Amino acid sequence: MEKENTGTRLKEAVMGNPHFASAVSEGIQNLDQYGYTVHENFLTAAEVQTLRSRLVEQAEQECEAGVATLANGGHAAGKYVGRPESGTVPTFQSVDFLPNKGRPFLDLLHKPVIHEYAAHLFRGEPYNLASETGVILRRGGTAQVLHADQQAIPLVLDRPVMFVMMVCLSDFTPDMGATEVVPGSHRFPAPDLHRSPEEQVTERDAAFMPITAPAGSVALWESRTWHRQGTSTSDEDRLSIGCAWALHFIKPQTFFPAVVHDDVYDTLSDEDKRLLGFEVVREYAGAIGPRYRGDRRANLNVSYPYIPELRPGVRA
């Protein structure tokens, strides 16, 4: 989008329209025009409660065990693994590798709405889960660096190779550090990570839009859209599950075929495995050879024999 096409029109859209989508068709229009959307009623109240309870329980147990991923600021701001100081609660906590931490997190991945958006954004190309992470943000969480997820890929492309969905397990309000996006920025070059976010947005005659959404909604943005976590000044905890989906040939943030526990793997359906990246697409990439004789872990759609290093007198 050229600068002259942003200006007043986008600023009016930002101030007057939160881009809530009551249907996938409206959400797709928002994604194409603004680079993001909010789809309300993505989860039922019961689903919100189930996911929230499991996330909070897991987060508390990880703190107690001293294996929690914490930060004293915001997302990606001085993360460390351990437990909070006695008598304190962490400003930021992520609960990583969620498919290992409860069936509700796997069930979430099967929501048809997700795959309707994916079919549009990826133009029908195969894709898989790149990450699934729980996020808890509290008062004192600081603003994240302004970025676009696709700028880690050193190519200029005319389409997204990823999209992110932020599932709201609490209400999202600006004072809770809700994600801030820049509408229309999926048409911009990637932002400079070392320059003032406000200056860059002003230069583009654009504006920040904090994502406001009720619990049970999902916010989606494509990987070229400028965004950042906001600053939390609220006494209310912001809870969410972030899922990134990527085209099949993109190296995922989490390589689930290696990460999934054996006991979880044994429970996976074929569709679970496809979503987690166990499928070889067009004989191109993602082959999983047996690690040892009798290894049950394998590709969904291709079978390879176990063949170790062979020498004369050594049995295969």
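A salt bridge is a side-chain nitrogen of Lys or Arg within 4 Å of a carboxyl oxygen of Asp or Glu. Arg274 and Glu271 fit that description, since their closest N and O atoms are 2.9 Å apart. Keep in mind that you're looking at a predicted model. By this rule, the count for the structure comes to 20 salt bridges.

Let's stay with that opening pair for a moment. Arg274 and Glu271 sit 3 residues apart in helix H9 (residues 270–275), so about one helical turn separates them. Glu271 is partly exposed, at 35% relative accessibility.

Other pairs reach across the sequence. Asp237 and Arg138 join their side chains in a salt bridge. Asp237 belongs to the loop between strand S11 (227–228) and strand S12 (238–247), while Arg138 is in the loop between strand S6 (127–137) and strand S7 (162–168), so the bridge ties together parts that are 99 residues apart in sequence. Asp237 is partly exposed, with a relative accessible area of 28%, whereas Arg138 is buried at 17%.

Then there's Arg228, which forms a salt bridge with Glu180. This pair also links distant parts of the chain: Arg228 is in strand S11 and Glu180 in strand S8 (residues 180–181), 48 residues apart. Both of these residues are buried.

Here are the three pairs together:

| Pair | N to O distance |
|---|---|
| Asp237 and Arg138 | 3.4 Å |
| Arg228 and Glu180 | 2.7 Å |
| Arg274 and Glu271 | 2.9 Å |

Salt bridges can also join up into a network, as they do here for Asp262, Arg291, Asp295 and Arg297.

Definitions and conventions. Residues are numbered from 1 along each chain as its sequence is written. This is a predicted model: local features need pLDDT of at least 70, side-chain atom pairs count only at pLDDT 80 or more; totals for chains, interfaces and linings use all residues. Side-chain values use heavy atoms; hydrogens and water are left out. Helices (H or I, at least four residues) and strands (E, at least two) are DSSP runs, numbered from the N terminus. Buried means under 20% relative accessible area, exposed over 50%, partly exposed in between (1.4 Å probe, protein chains only).
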